[in-house]
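Colleague: I should like to go through this model with you and ask, at each step, what the wording rests on. Please set each value against its criterion before you conclude.

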Amino acid sequence: MKKILITGGAGFIGSHVVRRFVKNYANYHIFNLDALTYAGNLENIADIEKSSNYTFIKGDIVNADFINQLFEKHQFDGVIHLAAESHVDRSITDPLAFVKTNVIGTMNLLNAAKTIWTNDANDKRFYHVSTDEVYGSLGATGLFTETTPYDPNSPYSASKASSDHFVRAYGETYGLPYVITNCSNNYGPNHFPEKLIPLFINNIINNKALPVYGDGKYTRDWLYVIDHAIAIDLVFHNGKNHETYNIGGFNEWQNIDLVRLLCRQMDGKLGREAGESEKLITHVKDRPGHDLRYAIDASKINKELGWKPSVTFEEGLNQTIDWFLANEEWLKNVTSGEYSKYYEKQYS
Ligand code: NAD
Ligand code: TYD
């Protein structure tokens, strides 16, 4: 039985990846390593926690001794690395936290993998899950390809770019077998309500203001999280060693248009009059260094691995809103305590 380490599996995307691997691969034992920061929530994967091919480990990837001992003990065959500080706004107020987890934490995993995989690295794989934000900002036209030069603008994207470079450098220098994917903005169930879509769903439910940064003309390319998990499965198994793949939704939206669509769908579901939720929109001070536009050319993963998004944005958004409405308890739990203190500090 192969032993696969998934990091960050209690978070948003990681929870969908862990669920998929535990359910689909009885021949793997999945180890989910997560520090359970404010963004990690074991409720996200409660349905699979008793599976015989699954083990949860609470631990911090920044702790090198702990990581080395873990790799020595379990001799993992593969790593899918998602653990990260993931929110741009937090990276602006506390950049060092992003260097610690995203750069040092990734380095610790790379060093540990390199140490245990010296002899027969051919059947091993270090999969680094990254973001399209490493490419910087697009103007009104064009798409990010795998050869677009890195040009990160936020402390978050700079830390992800740095970790991507280290992964590639370990491949070149030490022959570490790796793949990297750079994915566009995800949305879906388990999304922490600090990011645009879940924050606004939560605020609409609670009749709170919807803080649109600047003029709202910023553009993102949205992908349903389950389609990202499917892509990760494909790349982990069939992607070429030492290659990068871009993953995107073919689905660009200006923030303000997306928010209006969300408001319309929520009005319908909450039985409100048409236009009621839109009244909550407030334009607030812009995010410093705000990237104008992200958009992915996902033709490489499409041609080589046959991947494309399986749901339209309207379907995915509809399912996402339904999930949040059916899981108001989850929303209440994650918006209490530490998170609510942070939220008040940012927005009150
Ligand atoms: P998230 O913030 O929801 O979850 C991150 C998880 O990592 C949490 O469970 C947290 O507890 C854990 N974690 C944080 N620091 C840790 C540490 N030091 N040690 C161990 N665990 C730690 O993030 P997400 O949105 O699910 O993103 C997952 C990965 O995908 C990240 O690497 C992110 O850069 C990348 N990504 C995210 C998006 C997106 O739209 N959310 C898009 C592309 C790529
Ligand atoms: P976010 O979900 O934080 O993702 P990212 O910054 O990684 O793309 O933000 C998505 C877009 O929405 C981005 O242009 C910033 C904007 N935004 C707001 O206008 N208001 C908000 O409260 C948040 C969280 C984001």
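Colleague: Which residues come nearest to ligand 1?

Modeller: This is a predicted model. In it, Ile13, Asp34, Ser86, Tyr156 and Lys160 come nearest among the 29 residues around ligand 1. A residue belongs to that group because one of its heavy atoms lies within 4 Å of the ligand.

Colleague: What makes the pair formed by Ile61 and ligand 1 a polar contact?

Modeller: The criterion is a pair of N or O atoms within 3.5 Å. A polar backbone atom of Ile61 is 3.0 Å from a nitrogen atom of ligand 1, so the pair meets the criterion. The backbone of Leu82 likewise places an N or O atom 3.0 Å from an oxygen atom of ligand 1. For Thr101, an N or O atom of the side chain is 3.1 Å from a nitrogen atom of the ligand.

Colleague: How much of ligand 1 does the protein cover?

Modeller: On its own, ligand 1 has 830 Å² of accessible area, and the protein covers 96% of it.

Colleague: Which element gives the largest share of the shell around ligand 1?

Modeller: That element is β5, with 3 residues. The elements that each supply at least two residues are α1 (12–24), β5 (125–131), α5 (155–174) and β7.

Colleague: Why are β7 and β11 called edge strands?

Modeller: The open sheet has 3 strands in the order β7-β9-β11, with mixed pairing. Strands β7 (185–187) and β11 (252–254) each pair on one side only, and they are therefore the edges of this order. From one strand to the next, the twist averages 50°.

Colleague: How do you know that β7 and β9 pair?

Modeller: Two strands pair if there are at least two bridges between them. Strand β7 is joined to β9 (residues 219–224) by 3 bridges, so the condition is met. These two strands run parallel, and Asn185 stands opposite Trp222 in β9.

Colleague: Which helices lie across this sheet?

Modeller: Helix α7 (residues 225–238) lies across β7 and β9, at about 70° to β9. Helix α8 (residues 255–270) lies across β9 and β11, at about 90° to β11.

Colleague: Why is β10 described as largely enclosed by the rest of the structure?

Modeller: Of the 5 residues of β10 (residues 243–247), 4 are buried, and the strand is therefore largely enclosed. Strand β10 also pairs with β6 (residues 178–183) in the parallel sense over 5 bridges. There, Thr244 in β10 is the bridge partner of Ile180.

Colleague: Which residues are closest to ligand 2?

Modeller: Ligand 2 is surrounded by 19 residues, and the closest are Glu133, Pro211, Arg220, Arg287 and His290. Both α6 (196–205) and β8 (210–213) supply at least two residues of this shell.

Colleague: What makes the pair formed by Arg287 and ligand 2 a polar contact?

Modeller: An N or O atom in the side chain of Arg287 is 2.5 Å from an oxygen atom of ligand 2. The limit is 3.5 Å, so this pair qualifies. An oxygen atom of ligand 2 is also 2.9 Å from an N or O atom in the side chain of Asn255. Taken alone, ligand 2 exposes 510 Å², of which the protein buries 97%.

Colleague: Is His290 buried or exposed, and how do you know?

Modeller: Buried means under 20% relative accessible area. His290 has 14% relative accessibility, so it counts as buried. His290 is in the loop between β12 (281–284) and α9 (299–305). Setting aside residues up to four places away in sequence, His290 touches Tyr213, Tyr218 and Arg220.

Key. Residues numbered from 1 in each chain as written. Chains lettered and ligands numbered in written order. Predicted model: local features only at pLDDT ≥ 70, side-chain atom pairs only at ≥ 80, totals over all residues. Heavy atoms only, no water. Axes fitted to C-alpha atoms, helices over the stretch in contact; angles between N-to-C directions. Contact = heavy atoms within 4.5 Å. Buried < 20%, exposed > 50% of the residue type's maximum accessible area, 1.4 Å probe, protein only. Polar contact = N/O pair within 3.5 Å; in protein donor to acceptor, adjacent residues only side chain to side chain. Areas by Shrake-Rupley, 256 points an atom, 1.4 Å probe, with all protein chains shown as cover.
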